[in-house]
Amino acid sequence: MPSVTQFWAPHAWIDPVVESDVLITVSGEGRITAVTPDSGPAPAGATVLTGLTLPGMANAHSHAFHRALRGTVQVGSGTFWTWRDTMYRTADALTPDSYLELATAVYAEMALAGITAVGEFHYLHHAPGGTRYADPNAMGEALIEAASRAGIRITLLDTCYLSAGFGEPPNRHQQRFSDGDAEAWAARASSIEPRAHARIGAAVHSVRAVPAEQLSTVAQWAGERKAPLHVHLSEQTAENEACLAAHRVTPTQLLSQHGVLGPRTSAVHATHLTDADVKLLSSSSTVICMCPTTERDLADGIGPARRLAHGGSPISLGSDSHAVIDPFEEARALELNERLATQQRGHWTAAALLRAATEDGHASLGWPEAGRLERGALADFCAVALDTPRTAGPPARLGAETAVFAANASDVREVIVGGRVVVRDGVHQLVPDVGAALATAIKTVTT
């Protein structure tokens, strides 16, 4: 890479406004060294971007292998729990090699959608039946390598998953998820090395999957490393009911009692909360990761995101089960869901929704230097066409509103990660035919 690279954007969202004729200068280390609005025409040698340039999107909650379920779990009806049975069958089929191929294709699909960093909530640690691979982190290493091949950053949220429910051992599907206890989980997770494109965090799968007395072990591991800590929280009312029966407190209260909540923690979904839960989460500045397309696909419900944000919880966004991979859809759904729940409009501005999809999402994944177009930030950004059937018409000064409320993933034209062009003219430069890669990888694990 040359010592300095220049990108020129006809329009760019520099929070909170859209500027024109923006020259972005990037160092050989992949950092932005200057952002210059009103710079005049594109200089010779600069890479000219399309339409509106935005910071790269952060997909704060992903289960890469769930992408293989798209379409198949839409047949008939069923519940979250019958969906989970189908998910287990797909999980059983994965090996390190097949997971590498699948995740590479999934992360390439994310790149095409403008996503430059993913938080992978990873619990497929061992072989079916719980047999350890020669490399105990073979599955996690496959995900780290997949992100490299797809050209995006990853935070591997290595997940502690020890039980099928309160006081229940793992079932036969879950045996490959379990390390036996939290100390063994911590020992294995400690051996995963970060890389330039990969950081390591922790996750508690849920209060039903980690015994209460072992929650603090995971929290302490993350705290000692100042690493992000994520947890599925109150996605289903059945989890709340089981937790109340076992511990006489809600899942949120249980996490609070064991030191899990806090500004480095992200609570994923947080759908079914009491008023006391909302206060505990927001007063501790716990991040709330909403996954609207999955939450509506699984009929989870609409969580109190606005109340949580108003109380002090940052909001991030994830595509979770990948029923859809489209950060614009996740962002606008946050607002539109709130409108449905309250019969009122205007809960978030477009700028606030973009911030959730970019800066706040990156921060929740342990990349606080990403998600902004400013000097010193990582040179991770994407460009959205403003002349497609979805985006044509509004003036460029309304580019943020157009992107959030009208654009979709197919409107992304360029994606830059660390100053490297990963997507150009809507074509992935490392995985030229993402659709074919997905079809081949999914066929491997579903037939």
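Contact here means heavy atoms within 4.5 Å. By this criterion, and leaving aside residues up to four places away in sequence, Thr104 touches Ala146, Arg149, Ala150 and Val431 in the predicted model. Thr104 lies in helix α2. With a relative accessible area of 10%, against the limit of 20% under which a residue counts as buried, Thr104 is buried.

Helix α2, spanning residues 96-112, also supplies the largest share of the largest nonpolar core, namely 10 residues. That core has 129 residues, and those with the most contacts inside it are Leu54, Phe65, Tyr99 and Tyr107. For Tyr107, the residues touched, not counting those up to four places away in sequence, are Ser62, Ala64, Val118, Glu120, Leu143, Ala146, Ala147, Ala150, Ile152 and Ile154. Ala146 and Ala150 are thus among the residues touched by Tyr107 and are likewise among those touched by Thr104. Another core, of 15 residues, lies apart from the largest one and includes Ile14, Ile32, Leu49 and Ala383. In soluble globular proteins, nonpolar side chains tend to be buried together.

At the level of the whole chain, the secondary structure comprises 15 helices and 17 strands. The radius of gyration is 21 Å, close to the 22 Å given by the globule rule for 447 residues, so the protein is as compact as a globular protein of that length. The C-alpha trace spans about 65 × 50 × 45 Å along its principal axes. Of the 447 residues, 59% are buried. Among contacts between residues at least 6 apart in sequence, 74% join residues at least 24 apart. The accessible surface amounts to about 16,500 Å², and carbon and sulfur atoms account for 52% of it. The protein carries 34 positive and 47 negative side chains, with the centres of the two sets 0 Å apart.

Several backbone features were also identified in loops. The peptide bond from Asp15 to Pro16 is cis, with omega near 15°, and Pro16 is placed in the loop between β1 (4-14) and β2 (17-27). Two residues that are not glycines have a positive phi: Asp38, at about 50°, and His322, at about 65°. Asp38 is situated in the loop between β3 (32-36) and β4 (47-48), whereas His322 is found in the loop between β13 (315-317) and α11 (327-342). Asp38 counts as exposed at 60% relative accessibility, while His322 is buried, its relative accessible area being 0%.

Notes
Residues are numbered from 1 along each chain as its sequence is written. This is a predicted model: local features need pLDDT of at least 70, side-chain atom pairs count only at pLDDT 80 or more; totals for chains, interfaces and linings use all residues. Side-chain values use heavy atoms; hydrogens and water are left out. Helices (H or I, at least four residues) and strands (E, at least two) are DSSP runs, numbered from the N terminus. The radius of gyration is taken over C-alpha atoms; the globule rule is 2.2 Å times the number of residues to the power 0.38. Buried means under 20% relative accessible area, exposed over 50%, partly exposed in between (1.4 Å probe, protein chains only). Accessible areas come from the Shrake-Rupley method with a 1.4 Å probe; for residues, only the protein chains shown count as cover. Lys and Arg count as positive and Asp and Glu as negative; His and the chain ends are not counted. The place of a charge is taken as NZ of Lys, CZ of Arg, CG of Asp or CD of Glu. A nonpolar core is a set of buried Ala, Val, Leu, Ile, Met, Phe, Trp, Tyr and Cys residues joined through side-chain atoms within 4.5 Å.
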